[in-house]
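Got your viewer open? Grab the selection tool and follow along, one stop at a time.

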Amino acid sequence: MSTTHQDESRAAELEQIYRTHLAVCPRRHFGILADCEKGFRLLRAVRAARIATGKGAS
């Protein structure tokens, strides 16, 4: 599967949305005590977009 500019743009957009969310959300986002459903969903979307562009999930 080839990566398109649109895929890369979407991955960058999702990452920016996720980072903005982390900056303003008062809830826990990491580790076993994570309790923010929105943050979890955003992180999954970022990882999926990275995989789609071939850049992995890290």
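In which segment is Gly-54 found? Select Gly-54 and you will land in the segment after H2. Keep in mind throughout that this is a predicted model.

**Stop 1: Gly-54**

Gly-54 comes after H2 and has a positive phi, near 85°. Show the surface here: with a relative accessible area of 64%, Gly-54 is exposed. Now add Asp-7 to the selection. Asp-7 and Gly-54 are 47 residues apart along the chain, and their C-alpha atoms are separated by 10.0 Å.

**Stop 2: the whole chain**

Zoom out and switch to cartoon. You should see two helices and zero strands. Of the 58 residues in the chain, 24% are buried. The chain exposes about 4,500 Å², and carbon and sulfur atoms supply 56% of that area. Take the contacts with a separation of 6 or more: residues 24 or more positions apart account for 41% of them.

**Stop 3: helix H1**

Select residues 5-24, which make up helix H1. If you like a ruler check, put a distance between the end C-alpha atoms: they are 29 Å apart, which agrees with the 28 Å that 20 residues should span at 1.5 Å a residue.

Next, show side chains for Ala-11, Leu-14, Tyr-18 and His-21, the buried residues of H1. Look down the axis and these residues cover an arc of only 90°, which puts them on the same side of H1. That fits the usual helix geometry: an α-helix has 3.6 residues a turn, so residues three or four places apart point the same way.

What do the buried residues of H1 pack against? Bring the other helix back into view: they pack against helix H2 (37-53).

Now spin the view round to the face of H1 turned away from its buried side. The exposed residues there are His-5, Gln-6, Gln-16, Ala-23 and Val-24.

**Stop 4: Ala-11 close up**

Center on Ala-11, which lies in helix H1. Is Ala-11 buried or exposed? Its relative accessibility is 12%, and since buried means under 20%, Ala-11 counts as buried. Leaving aside residues up to four places away in sequence, Ala-11 touches Ala-49 and Thr-53. Add Arg-50 as well: its C-alpha is separated from that of Ala-11 by 6.0 Å, although the two residues are 39 residues apart along the chain.

**Stop 5: helix H2**

Select 37-53 for helix H2. H2 has 17 residues and reaches 25 Å from its first C-alpha to its last, close to the 24 Å expected at 1.5 Å a residue.

Which residues of H2 are buried? Color Gly-39, Leu-42, Leu-43, Val-46, Ala-49, Arg-50 and Thr-53. Seen down the axis of H2, these buried residues fall within an arc of 125°, so they line one face of the helix. They pack against H1. On the face turned away from the buried side, pick out the exposed residues Arg-44 and Ile-51.

While you are here, click Ala-52, also in helix H2. Ala-52 is partly exposed, with a relative accessible area of 35%. Draw a C-alpha to C-alpha distance from Ala-52 to Glu-8 and you get 8.6 Å, for a pair 44 residues apart in sequence.

**Stop 6: the core**

Hide everything else and show Ala-11, Leu-14, Tyr-18, Leu-42, Leu-43, Val-46 and Ala-49 as spheres. These seven residues form the largest nonpolar core. H1 and H2 each supply at least two residues of this core, and the largest share, four residues, comes from H2.

**Stop 7: the two cysteines**

Finish with Cys-25 and Cys-36. How many disulfides does the structure hold? Zero. Cys-25 is in no disulfide, and the nearest cysteine sulfur, that of Cys-36, is 3.7 Å away. Why is that pair left out? The cut-off for a disulfide is a pair of cysteine sulfur atoms within 2.5 Å, and the sulfur of Cys-36 is 3.7 Å from that of Cys-25.

Turn on the surface once more for this pair. Cys-25 counts as buried at 17% relative accessibility, and Cys-36 counts as buried at 8%.

Terms used. Residues numbered from 1 in each chain as written. Predicted model: local features only at pLDDT ≥ 70, side-chain atom pairs only at ≥ 80, totals over all residues. Heavy atoms only, no water. Buried < 20%, exposed > 50% of the residue type's maximum accessible area, 1.4 Å probe, protein only. Contact = heavy atoms within 4.5 Å. Areas by Shrake-Rupley, 256 points an atom, 1.4 Å probe, with all protein chains shown as cover. Expected span 1.5 Å × (residues − 1). Arc of directions from axis to C-beta. Core = buried A, V, L, I, M, F, W, Y, C linked by side-chain atoms within 4.5 Å.
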